[in-house]
Amino acid sequence: MSSAILFTAPPLPTPSINRSTLSFTAAASSASNFPPTPDKLAILLDKSNSIHHLLQIHAALLRHGLHQHHILNFKLQRSYSSQGRLDYSLALFNRTRNPNIFFYTSIINAHALHGLSQEALFIYTQMLYEGVQPNEFTFSSILKSCSLEHGKMLHSQVIKLGFDSDLYVQTGLVDVYARGGDVGSARLVFERMPEKSLVSLTTMLTCYAKHGELKEARLLFDGMVKKDVVCWNVMIDGYAQHGMPNEALVLFRRMLAAKARPNEITILAVLSACGQLGALESGRWLHSYVDNNGIRVNVRLATALIDMYSKCGSLEDARLVFDKIYDKDVVAWNSMIIGYALHGFSHDAIELFNEMCRMGLRPTDITFIGVLGACGHAGLVEKGWSFFNAMRDEYEIEPKIEHYGCMVNLLGRGGRLEEAYELVKNMKVEPDPILWGALLGACRLHGNLELGEKIAEYLVSHNLANSGTYILLSNMYAAKGNWEEVARIRTLMKDSGVRKEPGCSSIEVNNRVHEFLAGDLKHPKTEEIYRMLEEMNGWLKAHGYTPQTEIVLHDIGDEQKEQSLEVHSEKLALAYGLISTQPGTPIKIVKNLRVCSDCHAATKLISKITSRKIVMRDRNRFHHFVNGSCSCGDYW
């Protein structure tokens, strides 16, 4: 453990007294104006609120021989720490003769609050070496920033010295285990606490929420008699961060009903949930709430609004927020660039990148994910290579797995499969299943069964195969009519315990998100939805549309294939949108998987027939359907 900090702290300056500005002179002086008493100096130290005043008081201590006065010395040390001058505090501590447990605990606590856990542990070790016995405050201080490994060692000392029943020490131990990801040990310490404060409850709640144990978190949350804004934030953010955005929005509404006042952290979590759901109405309401309740829209919050509007299909609103940011940082630029890329407006994304560079901002690795993604959505292969090479050569950013993924997608979708395969084989980082999946998807798109089999065989043999691997390979065989291989792959998939992710589409109507699975019959308006589906099929046939039954990769008849296409989740969501919104208003749909070519073609035609703008976000990008055309140019 390093001890450097104890011996390299800057020397404590010898302050000089400026009698014209000394704030304590009047209060400290008696009839003779000399000398100030320790009691009066102690009061002045407690009231001091600037480093300037502390230096003046310190000068008085030195001048009047009070610099070794234990109480004054302790207060001065603690005051320097509270004013952010840990160097002064440490230098003063090192000059203190025979520091007691209060001195040690104060300096340990100061280091822990600054995240200097190694240094705090060294001082703790020094304290033990000097024969000074720790107390409960020492342990609760040092546990604030220590690692799980050191926390376990300290836990054994806590038990040995009999402080394991102290509320503050127990809360500190729960926090150590929670930060270290040891949920089981955190739970064990927590459940043994005879008394649970709001802090300890919040600590355990944070532990559960952070590590995805949301059922346990919600049980604890619902059982809390008193909830402050931090508790609400932890639970809402837990839902948002672990793929349960609907639950996050429901809980946020409950928070408002309970008259709890949201803060910036709440807003950020709820904006994330809105973005995941594509809940534009809810996101706009939240933006209005921010404006009407005096919540300052700083760069961080503005960036979250840009991200939300982009993911909810309104680039116009995203750009309005972006243009209003006075002092944009690179994160704000990245968010807008990625927004354009997500919607397929690749040239706008690239132009914004160029503008950012002209403004003197240096791109980050996230910036290049945005521009490479933009190139991928437009098939700009050479431009993509140019950006990829510039990362390393011009900006000295080493490509990560995400950048290679963008390039594989760009090359694969452009039909340059061998080039993409060579790139993957020669990567400096180990390719993951997602990267291989992108290449396998390109093989499926271009019908390259030979390369697809080679990749799938590699993934299966190295235990890297996931549901997408099996499904893509099965679909490739099905497209060739090789039903025996399809059956073999599906059996292999079943034996491996891999399950296909079901297609799910959602649509927001009147601030409520409605979700549909393929062939769904659970919605309260199912009969009306299916009547609208029949009407939609009639419109399509009247305009000469033929269902793309060749994409149904099952060994069934054409009529059954048509029926399966008719009840895809995005068509159910579209039907519900048509019966639930006013004619002429845009319809926005979010799908968890890539939209199929039949639904894509049908939606284009329905946008023309109904004179509606239909915006659909699938797993990869946005599609803006207007008057029979799509913004993707049928390249997705």
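## A salt bridge within helix α11

In this predicted model, Arg-179 and Asp-175 both belong to helix α11, which covers residues 167-179. Because they sit 4 residues apart in that helix, about one helical turn separates them. Their side chains meet in a salt bridge, with an N to O distance of 3.0 Å. Arg-179 has a relative accessible area of 35%, which makes it partly exposed. Asp-175 is partly exposed too, at 25%.

## Salt bridges between separate elements

What does Arg-284 form a salt bridge with? The partner is Asp-317, and the closest N and O atoms are 2.6 Å apart. Arg-284 comes from helix α18 (residues 280-292) and Asp-317 from helix α20 (residues 315-324), so this pair ties together parts that lie 33 residues apart in sequence. Is Asp-317 buried or exposed? With a relative accessibility of 17%, Asp-317 counts as buried. Arg-284, on the other hand, is partly exposed at 40%.

Another pair to look up in the viewer is Glu-382 and Arg-416, whose side chains meet in a salt bridge at 3.2 Å, N to O. Glu-382 is in helix α24 (residues 381-393), while Arg-416 is in the loop between α25 (401-413) and α26 (417-425), so the bridge ties together parts that are 34 residues apart in sequence. Glu-382 is exposed, with a relative accessible area of 53%, and Arg-416 is partly exposed at 28%. Elsewhere, Arg-218, Asp-222 and Arg-254 are joined into one network by salt bridges that share partners. Over the whole structure, the search finds 18 salt bridges.

## Strand β1 and its two partners

Strand β1 spans residues 504-509, and 5 of its 6 residues are buried, so the rest of the structure largely encloses this strand. β1 pairs with strand β2 (residues 512-517) in the antiparallel sense, over 6 bridges. The hairpin formed by β1 and β2 has 2 residues between the strands, and Asn-510 takes a positive phi near 55 degrees there.

β1 also runs antiparallel to strand β3 (residues 587-591), to which 3 bridges join it. Ile-507 is a handy residue to click on here. In β2, Ile-507 stands opposite His-514; in β3, its bridge partner is Ile-589.

## Two nonpolar cores

Nonpolar side chains tend to be buried together in soluble globular proteins. Here, the largest nonpolar core has 133 residues. Which residues touch the most other members of this core? They are Leu-205 and Ile-455. Helix α17 (residues 264-277) gives the most to the core, contributing 8 residues. Domain 1 (245-250 + 259-327) and domain 2 (400-496) each supply at least three residues to this core.

To see the surroundings of Leu-205, set aside its neighbours within four places in sequence: Leu-205 is then in contact with Ala-217, Leu-220, Phe-221, Met-224, Cys-231, Val-234 and Met-235. Another core, of 31 residues, lies apart from the largest one. Among its members are Ile-507, Phe-516, Leu-540 and Cys-630. Ile-507 is thus a link back to the strands, as the residue opposite His-514 in β2.

## Domains and a loop residue

The domain assignment gives the protein domain 1 (245-250 + 259-327), domain 2 (400-496) and domain 3 (504-630). Taken over C-alpha atoms, the centres of domain 1 and domain 2 are separated by 37 Å.

Where does Asn-426 lie? This residue is in the loop between α26 and α27 (433-446). With 56% relative accessibility, Asn-426 counts as exposed. Asn-426 and Leu-473 are 47 residues apart along the chain, and 24 Å separate their C-alpha atoms.

## How confident the prediction is

The average pLDDT of the protein is 86, and 92% of the residues score at least 70. Residues 1-34 call for care when you read the model: over this stretch the pLDDT is below 50. Beyond near neighbours in sequence, the stretch has 58 contacts in the model.

Key: Residues are numbered from 1 along each chain as its sequence is written. This is a predicted model: local features need pLDDT of at least 70, side-chain atom pairs count only at pLDDT 80 or more; totals for chains, interfaces and linings use all residues. Side-chain values use heavy atoms; hydrogens and water are left out. Domain bounds come from an automatic or database domain assignment. A salt bridge is a side-chain nitrogen of Lys or Arg within 4 Å of a carboxyl oxygen of Asp or Glu. Buried means under 20% relative accessible area, exposed over 50%, partly exposed in between (1.4 Å probe, protein chains only). Two strands pair if DSSP finds at least two bridges between them. A nonpolar core is a set of buried Ala, Val, Leu, Ile, Met, Phe, Trp, Tyr and Cys residues joined through side-chain atoms within 4.5 Å. Contact means heavy atoms within 4.5 Å. pLDDT is the predictor's confidence in each residue, from 0 to 100.
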